[in-house]
Amino acid sequence: MTEPMTFRARIKAPVKDVRHALTDPAALRIWLAEHAEVELPDRFGFWGRTTPEGDAPHQRLLHADERTVRFAWLLDGEETTTELRLEEDGDATILTLSQTHFDFQDVITGKSIRGVLQTYWGLAIANLAEYLEGRELTPKIDFTSADLRAQVTIDASPEKVFESLIDSETVTRWFGFPIEIEPYVGGRFAMGGLANDPSPAKVLELEPGSRFSLDWGAPGVGTWELEGSGGQTRLTLVQSGFDAERPPYAAWGGILSGVAELRRYHEVPDWQPVIMG
């Protein structure tokens, strides 16, 4: 079995507040899932449209104390294990999440719903941070829909937001992973850099301040539309052109988790990424 996937995140809230958000069903229904039921030390469950295989609560609580929540989660017939561990960092909290049974090949092939876990948890952690800081959450993935569309408002002009979408150095900063972009129609958009991405996306449209679209191949075409008003930008994201029988939920989750950090990049003073490198 592969090593568990691990995230470390710095959240600007005390440990007790983060622990409450992890175990209070009303809080969980805001930042994590459509439905949640928690009765410690016996029950921890969440389900609904924004949960992978969310037809019912498939979690089984293994352990919970003041610093740790650990549960089994049945996904695609396999019992995985998720652990969230908290530690103090001054007036903030370091959250470490580990998730077993994640294989990146499932992202590429779509063979198992477990392929969504990396981007699912990346977006969930970002929304946990937003919830605890009193900020508007980023739209979640709807695992029951093939209509991959979302809209957010960013407190920055369309010109500034657009520049942060096409400049390689800036995108690398807020996305948290090396990105290299040739900012012209027909140019390449490479994850990990042009030297390391054998199948980069292709720039289909680039209209400064208003529209940017990329052809990702099998995952379809991603389009970013920008509209300005009062110094803000309404950003609409649409993923299209994919096999509707196999929506690219993992890729969509990666886009949405990136948008969460893009918003913070423009709006949070002394910005630092939530997910630590």
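Two strands count as paired if DSSP finds at least two bridges between them. With that in hand, welcome to a quick tour of this predicted model, starting with a pair that meets the rule: β8 and strand β14 (residues 232-240) run antiparallel and are joined by seven bridges. That pair belongs to an open sheet of seven strands, and the chain also has an open sheet of five strands. The notes below take the record first, then each sheet with its helices, and then a few individual residues.

**What the record says**

- An unreviewed UniProt entry places the feature "domain: Activator of Hsp90 ATPase homologue 1/2-like C-terminal" at residues 12-133 and 155-247.
- In the model, residues 12-133 are 31% helix and 36% strand, and the C-alpha atoms at the ends of this span are 7 Å apart.
- Residues 155-247 come out at 18% helix and 40% strand, with 30 Å between the end C-alpha atoms.

**The five-stranded sheet and its helices**

- Reading across this open sheet, the strand order is β1-β7-β6-β5-β4, and the pairing is antiparallel.
- Its edge strands are β1 (5-11) and β4 (59-64), each of which pairs on one side only.
- On average, neighbouring strands here are turned by 20° against each other, ignoring direction.
- At the β4 edge, five bridges join β4 to strand β5 (residues 68-75), and the two run antiparallel.
- Within that pairing, Arg-60 stands opposite Ala-72 in β5.
- Helix α1 (residues 15-23) lies across β1, β5, β6 (78-89) and β7 (92-99), and its direction is at about 160° to β6.
- Helix α4 also packs on the sheet, where it touches β1, β5, β6 and β7 and makes about 15° with the direction of β1.

**The seven-stranded sheet**

- This open sheet has the order β8-β14-β13-β12-β11-β10-β9, again with antiparallel pairing.
- The edges are β8 (148-154) and β9 (179-181); each has a single partner strand, so one side of each is left without a neighbour in the sheet.
- Neighbouring strands are turned by 20° against each other on average, with direction ignored.
- At the β8 edge, Thr-153 stands opposite Arg-234 in β14.
- At the β9 edge, three bridges join β9 to β10 in an antiparallel arrangement, and Glu-180 stands opposite Ala-190 in β10.
- β9 and β10 form a hairpin with six residues between them, and Gly-186 in the turn has a positive phi of about 95°.
- Moving inward from that edge, β10 pairs with strand β11 (residues 201-207) in the antiparallel sense over two bridges; the bridge partner of Arg-188 in β11 is Lys-202.

**Helices α6 and α7**

- Helix α6 (residues 168-175) and helix α7 (residues 249-267) pack with their axes 8 Å apart, at an angle of about 100°.
- The two helices are therefore roughly perpendicular to each other, since angles of 65 to 115 degrees fall in that class.
- On the α6 side, the contact is made by Thr-170, Arg-173, Trp-174 and Phe-175, which meet Gly-254, Gly-258, Glu-261, Leu-262 and Tyr-265 in α7.
- Sorted by class, this contact has four nonpolar, three polar and two charged residues.
- Both helices also lie on the sheet: α6 crosses β9 and β10 (188-191), running at about 150° to β9, while α7 lies across β8, β13 (221-229) and β14, running at about 5° to β8.

**Residues to look at**

- Thr-119 is found in helix α4 (residues 117-132).
- Thr-119 is buried, because its relative accessible area of 16% is under the 20% cut-off.
- Leaving aside residues up to four places away in sequence, Thr-119 touches Tyr-249, Ala-250, Gly-253, Gly-254 and Ser-257.
- Gly-254 is thus named twice: it is touched by Thr-119, and it is one of the α7 residues that meet α6.
- Pro-198 is found in the loop between β10 and β11.
- Pro-198 is exposed, because its relative accessible area of 77% is over the 50% cut-off.
- Between Pro-198 and Ala-27 there are 42 Å in space, C-alpha to C-alpha, and the two are 171 residues apart in sequence.

Technical notes: Residues are numbered from 1 along each chain as its sequence is written. This is a predicted model: local features need pLDDT of at least 70, side-chain atom pairs count only at pLDDT 80 or more; totals for chains, interfaces and linings use all residues. Side-chain values use heavy atoms; hydrogens and water are left out. UniProt positions are given in the numbering used here, feature names are shortened, and annotations may be inferred rather than shown by experiment. Helices (H or I, at least four residues) and strands (E, at least two) are DSSP runs, numbered from the N terminus. Axes are lines fitted to C-alpha atoms, for helices over the stretch in contact, and angles run from 0 to 180 degrees between N-to-C directions. Angles under 35 degrees count as roughly parallel, over 145 as roughly antiparallel, 65 to 115 as roughly perpendicular and the rest as oblique. Contact means heavy atoms within 4.5 Å. Ala, Val, Leu, Ile, Met, Phe, Trp, Tyr, Cys and Pro count as nonpolar, Asp, Glu, Lys and Arg as charged, and the others, Gly among them, as polar. Buried means under 20% relative accessible area, exposed over 50%, partly exposed in between (1.4 Å probe, protein chains only).
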